[in-house]
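Colleague: Could you take me through one part of this model in some detail? I would like to look closely at the sheet and the helices packed on it.

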Amino acid sequence: MTQTYKLLTPGPLTTTDSVKETMLEDRCTWDEEYKQLTQDIRHRLLEVASVSADDYTAVLQQGSGSFVVESVLQTALGKDDHVLIISNGAYGNRMIDMANAIGKKVTEMRVAYDAVPDFEKIEEIIEQDPSITHVAMVHCETTTGILNPLAPLSEIGKRKNVSLIIDAMSSFGGIPIKVNDLGIDYLISSANKCIQGVPGFGFVIANKEILKQTQGNASSIALDLFEQWKVMDVDGKWRFTSPTHVVAAFQEALIELDEEGGTPARYQRYKDNNNYVIKHLKELNFQPYIDDEYQSPIITTFLYPDKDFVFEDFYQYMKEAGFVLYPGKLMDTPSFRIGNIGDLHHKDFVSLVDNIQKYMNERD
Ligand SMILES: *Cc1c(COP(=O)(O)O)cnc(C)c1O
């Protein structure tokens with residue numbers, strides 16, 4: 001198989017040929033072998049999350065990542081519950097929109113896109129409003145590439161006895177997260193990010209004791225995570241048709257994650273490549289939007305180097321060189337993004353930087 005473009009995007013991303021080849025077989029949803037495949041995936045996901053099957057369960061859910069976020073908000077929040085949603089980007093904002101749209105009780109805490117939340121302020125908000133039962137936050141805000149620290153939120157969760165919902169969509173599998181130690185009750189991610197599968201479903205690593213108490217909370221049938229869990233937990237049969245090709249590809253992607261050395265090894269690869277890109281782009285006068293301290297190894301937002309820089313022109317040039325870049329998502333600052341996740345290796349980033357250098361020279 002030939003790889004036409006390297007996707008420097010945060011998912012869908014560049015997958016291995018072996019992941020793609022898994023999809024050449026058609027599979028039957030009620031067949032025993034396929035049900036076992038689902039169970040194997042659920043088991044492997046708990047290992048990636050460093051949790052025991054006694055305490056946690058992995059529930060798979062059809063749709064893109066947002067469908068899974070919505071299913072958690074639907075299901076985790078009962079009629080007497082109240083969620084504090086912290087946002088410093090488009091995905092945090094989307095959680096706020098979802099929780100409002102489905103009629104949950106929400107308090108918003110909006111933070112500048114280039115800043116991590118003030119955790120003392122979070123604690124204050126919870127202290128002043130004891131009706132808050134849940135806190136939701138994005139781990140790696142893919143909008144900018146900022147990494148919101150989990151440890152301080154975890155401490156607040158424990159001290160204040162609030163339940164934590166973490167959108168780890170673009171970090172799980174690429175950044176080690178000790179879900180149990182951090183006291184995360186719902187961790188959400190999807191097939192087409194750091195596990196390096198293809199798009200079509202997402203999953204939740206959920207605290208079983210907590211999930212057990214959520215029956216009847218959802219005002220949706222398809223996005224009821226409790227019912228999805230109950231059915232899937234019997235023998236690995238999904239409720240409603242599952243994306244069989246995508247599921248099989250995901251199992252292969254999980255095997256390949258393991259072969260690479262698990263999340264710590266993948267993290268190192270992403271981090272090294274991210275450092276390489278940032279170092280060399282800075283030399284070419286592209287400044288990262290996020291301070292080093294909070295920059296994730298997943299994706300980086302770069303500001304345009306000068307007012308003559310035309311992103312569309314640059315984008316086309318890089319595409320011809322075999323790289324697909326990602327436009328920026330900042331309202332007030334012209335920017336673009338370079339992702340590090342996917343089946344991309346040092347040599348790809350050497351070639352990327354060479355081509356960017358060439359573009360900048362030819363442009364002048
Ligand atoms: C990708 C992503 C999502 C989900 O987006 P979809 O387009 O629905 O897959 C949610 N949150 C974050 C942080 C993401 O990176």
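Modeller: Happy to! Helix 2 (residues 32-48) lies across strand 2 and strand 10 (201-207), and helix 2 runs at about 125° to strand 2. Please keep in mind that this is a predicted model. Strand 2 also has helix 8 (residues 225-235) lying across it, and that helix lies across strand 9 (184-190) and strand 10 as well. The angle between helix 8 and strand 2 is about 105°.

Now for the sheet itself. It is an open one, built from seven strands with mixed pairing, and you can trace it in the order 2-10-9-8-5-3-4. At its edges sit strand 2 (56-62) and strand 4 (105-110), each of which pairs on one side only. Going from one strand to the next, the twist averages 20°.

If you move along that order to strand 5 (residues 134-138), you will find it joined to strand 3 (residues 82-87) by three bridges, and these two strands run parallel. For a residue to click on there, try leucine 84: its bridge partner in strand 5 is valine 135.

One last stop, on a helix again: histidine 280 has its place in helix 10 (residues 262-283). Its relative accessible area is 17%, and because the cut-off for buried is under 20%, histidine 280 counts as buried. The side chain of histidine 280 also has a polar partner, reaching the backbone oxygen of tyrosine 276 at 2.9 Å.

Conventions
Residues are numbered from 1 along each chain as its sequence is written. This is a predicted model: local features need pLDDT of at least 70, side-chain atom pairs count only at pLDDT 80 or more; totals for chains, interfaces and linings use all residues. Side-chain values use heavy atoms; hydrogens and water are left out. Helices (H or I, at least four residues) and strands (E, at least two) are DSSP runs, numbered from the N terminus. Buried means under 20% relative accessible area, exposed over 50%, partly exposed in between (1.4 Å probe, protein chains only). A polar contact is a pair of N or O atoms within 3.5 Å; within protein, one must be able to donate a hydrogen and the other to accept it, and residues adjacent in sequence count only if both atoms are side-chain atoms. Two strands pair if DSSP finds at least two bridges between them. Axes are lines fitted to C-alpha atoms, for helices over the stretch in contact, and angles run from 0 to 180 degrees between N-to-C directions. Contact means heavy atoms within 4.5 Å.
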